[in-house]
Amino acid sequence: MVMLLPFSVWLAAALLNTLISVCLLAKYHRHIVFQTSGYFYLPAGLVLLGCVLAILVSSHYSSPLQERGSIPPRQYLFVVWIPLIEEVVFRFGLGRWFRSVIGNLWGGYCAAFCFSYVHSFPTLAKVMTGNIGIVLPPLLLGLACEYLFVKSRSLLPSIALHTACNATVLLFLVFDQRWFGWLKIFYN
């Protein structure tokens, strides 16, 4: 998702999620599993492989319309820091609570729904006008991460998939920005 928010708003949200993550990790640190089977990392690898292949194919058949882009420093945080804290908040915190109350299927769906809703950048004005749309790409990512978390019993595969999806922004930004237009459903 391309950053459309001013840096201060984005940073405030990231810091709030970081605070929530630290609290969750402090309370439940004994329940974190760091070892899991390798095939749970396959979705993250497939996302990155697909992105690289797309860039190679598009650059083979035509040159990018723009020069190679530069990477703003906050994009590195977007690829490393944000997936880590969001997965702790939404899978380990909110998702865990929903799953304990209403079961794995509906709990996972509710956590993914909340994840998508937050990524629609809700504001008081949007809520008051009834504009509370859910963004499809974060919903799909949330569902995939919920599935990986429940099946692997580890946060690492969902962090890896979230990181890989965010890394596509960096790869397209540097190598072929036309992909943002071609895949605009995923990047708006």
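This passage looks at the nonpolar cores, one tyrosine and the cysteines of a predicted model.

Start with the inside. The largest nonpolar core is built from nine residues. Its aromatic members are Phe78, Phe172, Trp179 and Phe180, and they sit together with Cys51, Ala54, Ile55, Val169 and Leu173. Three helices, α2 (42–61), α7 (156–175) and α8 (178–182), each put at least two residues into this core. There is also a second core, separate from that one and made up of eight residues, among them Phe115, Leu141, Cys145 and Leu148. As a general matter, nonpolar side chains in soluble globular proteins tend to be buried together.

Tyr147 is another story. This residue belongs to helix α6, which covers residues 136–152, and with a relative accessible area of 51% Tyr147 counts as exposed. Along the chain, Tyr147 and Asn104 are 43 residues apart, yet 9.1 Å separates their C-alpha atoms.

As for the cysteines, the disulfide count comes to zero. Take Cys110: the closest cysteine sulfur belongs to Cys114 and lies 6.7 Å from that of Cys110, so the pair is too far apart for a bond. Much the same goes for Cys165, whose sulfur is 7.0 Å from the closest cysteine sulfur, in Cys145, again too far for a bond. That partner, Cys145, is one of the residues of the second core. Cys165 itself is partly exposed, at 22% relative accessible area, and Cys110 is also partly exposed, at 23% relative accessibility. Because a nonpolar core takes in buried residues, and buried means under 20% relative accessible area, neither Cys110 nor Cys165 qualifies for one.

Notes:
Residues numbered from 1 in each chain as written. Predicted model: local features only at pLDDT ≥ 70, side-chain atom pairs only at ≥ 80, totals over all residues. Heavy atoms only, no water. Core = buried A, V, L, I, M, F, W, Y, C linked by side-chain atoms within 4.5 Å. Buried < 20%, exposed > 50% of the residue type's maximum accessible area, 1.4 Å probe, protein only. Helix = DSSP H or I, 4+ residues; strand = E, 2+ residues; numbered from the N terminus. Disulfide = S-S within 2.5 Å.
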